[in-house]
Structure formats: C-alpha cells, structure tokens
Protein chains: 2
Amino acid sequence: MSRLARVVALSGGVGGAKLVDGLAAVLPPEALTVIVNTGDDFVHWGLRICPDLDTVMYTLAGLAHPVQGWGLAGETFAGFGMVERLGGPAWFRLGDRDLGTHLVRTERLAAGQSLTEVTAGLCRSLGVGPRVLPMCDTPRPTLIDTVDGTLDFQDWLVRRRGAPVVTAVRSTGPSAPSPAVLAAIAAADVVVIGPSNPYVSIDPILALDGVRAALARRPVIAVSPIVGGRAVKGPLAAMIGQLAGCAPSPEAIAAHYADLLHGLVIERGDPVPDGVPVLAEATVMTTPDDRARLARAVLAFAERFA
Amino acid sequence: MSRLARVVALSGGVGGAKLVDGLAAVLPPEALTVIVNTGDDFVHWGLRICPDLDTVMYTLAGLAHPVQGWGLAGETFAGFGMVERLGGPAWFRLGDRDLGTHLVRTERLAAGQSLTEVTAGLCRSLGVGPRVLPMCDTPRPTLIDTVDGTLDFQDWLVRRRGAPVVTAVRSTGPSAPSPAVLAAIAAADVVVIGPSNPYVSIDPILALDGVRAALARRPVIAVSPIVGGRAVKGPLAAMIGQLAGCAPSPEAIAAHYADLLHGLVIERGDPVPDGVPVLAEATVMTTPDDRARLARAVLAFAERFA
C-alpha cells in the first residue's frame, strides 16, 4: 500500500483510464481523485456526451469493453439502428446502455445540476469509489485547426478519422476549472499525468485558469503515452510530428510538459530523455494485473518526489 | 376496392391504429389520411414522446408488437436498464429502438421542423404509405382532473395506472389544429372515428378550433370502442361511468358523439342505440385479416353516407 494519502490523476480516455483503474486497485478510494478532460464533450442527438468522463467511469465501474477501450462490454446498438433507419445522424455510434447514461446526464444538467454533481451521482450509482471530477462545469470544446480548416474535435477524430493534418489545438469557452479541481490539486501529495494524448487530453486541463500555477506547487509525474516510437492508441504519434515537428518519443513528451514534470515513466528500452528523472517500466496495460503493477511502480516512483 | 377516394380516420393509439391498419390494407395509400391525437404527448428523459403517433406509425410500418398493442415487436430495454441503474426516472419504460425514434424526433423539432413535418419524415423512412398527421403542431397536453387532483395524462394512466376517479378531461395549450388537418377533413369523402377512447383520444381532436365545424360538413361514422359492455383495452369503461354517469354501451358512444355521427359501427349482438344508423359487425381485431375485414365493412357502410 502506498503511503501517498492524496493522489490526483489527470486523464483523457482510454490510456489514462487504464492507469486510473490500476491506481484505484492499489489505493483506498478516498486517496484517489481523477480530473478528466471534457474538451471532447459534445452534443449529439440532443444529448450531452462526455467521452473521457464515461470511459473513466465505465472503466472504474468494471463495465468498460475490455478490448476496444471505449464503450461498454456487451453493448447493443438497437437504438442506433433505428436512428440510422430514420435518417438521423449516424456518424457517431452510441450504444443502448451508453444512451441511458447520456439521457440521465442531459436531463440532470437541464434540471440545473453541475457536471461535477451529475458525474458524482452517476459514479455513486455505478459503485465507483474514487472521486471523478470533470475538469470544468461549463462547456469548453476543443477545436482542431487543420489544413482543411477548423473542425470540432469529434468531427476531426471520428467523422474525419483524424486524417486532416493538425496545425493547432485550441480550447474555446469559459476557462475556469471547477472549484473542486483546484482544491484537489492543492491538496495532492502527488499529481500523476496519465498516458493520455498531451495535446487533446491533458493540455485542455492545463490551460484552465490557475491549473498550471497549482500544479507548479505539487510534485507532478507523467506516464509517457509513446511506446517504441508509437502511440499505444489514437492519433498522437502523427500529431507530435505535425505540432512539435519531431519524432514521437519520451523526449517529445518530456519537452511538452517541460518544467511541470518532476519525473517521467517511460517504456523499458525506449530512449531516455535528458533533464528529468525517469523510471523505465512495462507501460502497456493489457490485463488488469498490468494496470495494478504499473500503478504500484508509478506510486513508488512518485513517493520520491512527494 | 372502395369507391371512396379520400378517407380520413381519427385515431388514438391501439384500437384506432388497428382499424387504420385495416383501412391501409384495403385503400390505396393516397386515399387515406390519419389524424392522430397528440394530447398524450409528453417530454420524458428530455425527449418528446408521442405515444399515439408512434403506435399508428409503427402499426402501419408493420413494426408494432403484435400482442401488447403498443411499442415495437422484438424490442429490447438495455438503455432503460441503464437509466434505472443510474437512478433516472423509471416509471415509463422506453425501448431501445423506440428511443431512437424519440431522439430523432426531438432533434428535428429542436432544429425547427414542425411535428407534422417530422412525422412525415419518420413515416417516409419507415415506408408508411398513408399520410399520418398529428392533430396539431404545438403541445396540447391533456390533463385529467381526478378526485386526487389534476394529473398529467401519462402520470394518471401509467404511473397511477388510471386508478384515480376522473371528474373531467381537459386540453391545455394553443387550440389551433395544423392547417393540414383542416384541409384533410374539408377534402374527405368520409371521416371514420376509430374505436379509440372518446374522452382522451378523440375529444382532444374535436376540441381544436374549427374541427367540429369542418366535420359537421362531412359524413362521419364511428366504430364503437365498447364491446359487450367493456372497453376492448384501457380505462374507457370506468371513465364512461365516471364522466357520463351511465353504463358503457354503444348508446353511450352514440350519445357522446351525438349530432356529429351519421352512422355507428357496433359489435354484433350489442344493444343497438336509437337515433343513428347502425352497422353490427365483428369489431374485435385480433388478426390482420380481422382488421382488413372490419375496414372493408366500415367503408361499405360509409359509402351510404358519402
């Protein structure tokens, strides 16, 4: 058991959620708070959809699809089939149970609950122990500037399959984090940045008012999402080339987070960047054991800085 | 084939939809227009739900549940299960495919389409031939005054199972029918009032501005929803006692529609009311053949008045 009593994890979707799941397996629930990117959130079929929050929540509830990394295990798509048949927008697949989540969230938001409150209620119903915090309570959509023009995030990632070359990633809307986010960071013994996409999953959190300043006062370590020169999942490897003009490597991740980092966890055998303490570990999480093992190693590494 | 070129049917949900299905089986699609009660419509889980419109649409599309009379055949309830698990409102069951319909409708209404336009689009996608018209384009909710106070229609029917004794049925909201409704009635060779509940399914249509006046200029026949002193389905028999102070009978139906009626179709062997031409037929529709046979008899009877 770690001696860290207050761990904060910053997370996007799949990779971050797996590490969070490992942390939840080795920490008591009250010791873990997850701050989740909401820049991917969008309204589809009139429903407020929070892909990263749901991936974290479903993963912690043990409901996530074990292989594809998003969505629910055993999900069905009967409602989607009807929407498609009726000529509704069908470029983003929503499963039947997932729809239940979006319906409840959308209704509670409309009734005046904050996204933080709604998320807490959903997590409670699903038996999720750690605290899951959306990074902010107001919509803060990520826009992707590409050589084909500016696209909404899901439009770029899902509809256009991440193909248009990215020239910049921007957050829009009010830049205030939720009060709970700043309080959690201020109280953290250590902050762990998960192996998520720095540009579209972590930067939106870092760009909120006061978050960088709060993190600068805490020990921060990151787990590299780059393994063997590739992203474990998603469009990150190409984005590093397009946005940082270098090859995807732990060095690129270290350079991206720069002064914020006290330590970086990288894949064993990957090139070690200069200027930051490094832990080399097996970082690809295929099984639940992988997640817990990596979490234990990350926490032991973090204790050096706490 | 009937010589009636323009038949208008007024319909609520189950019973009316079955007769409409029979009419659709024996008339060319362009000869049939169905005007459907929207007084039961409500917003649930943030979605606009139109129970009678959907029952008519699903029935005409061949998708309706063959026994229960509402909802879709082979429907699943995975989304509902999730809503229930998350502590969402679970007193009204919505199936997965049915949810797809409500999502598409709600989004199109939000985008500015009228309910008439949305319904036409949905029917087109489902291959429904006859024209299906909501009675009006603005919400016109039916309220049920009961000895326990005033209740929303679905609250009374579904949540309270129709138990509270009814003292009055009222429509609220703007009273304008859609222009298409008045035009369809004005052009009708005959208007058939389906075997629906007069108080909660047909009166809301009749109470719209100009509908009674338009019907007064057309031949109108009704099919009695009372068979052997009982309602084929639903709370009608008790309502007749509570609202009209008499026993449920074809006589009560004839008295309710009064001057509007040119003829009434009743169940064989039921007591024949005075003062209106009557056709005695087998009116309970168990099979598709029953629907078509009754529709043929209704149209032959209607031709006498057209």
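This report walks through the fold of chain A and the way chains A and B meet in a predicted model.

## Chain A on its own

Let's start with a single chain. Chain A holds 12 helices and 14 strands. Its radius of gyration is 18 Å, close to the 19 Å that the globule rule gives for 306 residues, so chain A is as compact as a globular protein of that length. If you trace the C-alpha atoms along the principal axes, chain A spans about 55 × 45 × 35 Å.

Now for the inside of the chain. Of the 306 residues in chain A, 51% are buried. Contacts also reach along the sequence: among those between residues at least 6 apart, 67% join residues at least 24 apart.

## Where the chains meet

Chain B touches chain A through 26 of its residues, which are in contact with 26 residues of chain A. On chain B, three helices each supply at least two residues to this side: α3 (78-85), α4 (96-110) and α5 (115-125). The most comes from α4(B), with 10 residues. Sorted by class, this side of chain B has 11 nonpolar, 11 polar and 4 charged residues.

## How the copies are related

To place chain B on chain A, turn it by 180° with 0.0 Å of shift along the axis; the RMSD is then 0.0 Å. This is the relation of a two-fold axis. Within chain B, the C-alpha nearest that axis belongs to B:Asp96, at 3.1 Å.

The interface fits this picture. Because 100% of the interface residues of chain B are also interface residues in chain A, the copies meet through the same surface.

How values were computed:
Residues are numbered from 1 along each chain as its sequence is written. Chains are lettered from A and ligands numbered from 1 in the order in which they are written. This is a predicted model: local features need pLDDT of at least 70, side-chain atom pairs count only at pLDDT 80 or more; totals for chains, interfaces and linings use all residues. Helices (H or I, at least four residues) and strands (E, at least two) are DSSP runs, numbered from the N terminus. The radius of gyration is taken over C-alpha atoms; the globule rule is 2.2 Å times the number of residues to the power 0.38. A residue is buried if 20 or more other C-beta atoms lie within 10 Å of its own, exposed if 12 or fewer, and partly exposed in between; C-beta atoms are placed from the backbone. Two residues are in contact if their C-beta atoms, placed from the backbone, lie within 7 Å. Ala, Val, Leu, Ile, Met, Phe, Trp, Tyr, Cys and Pro count as nonpolar, Asp, Glu, Lys and Arg as charged, and the others, Gly among them, as polar. Copies are superposed by least squares on the C-alpha atoms of residues with pLDDT of at least 70 in both.
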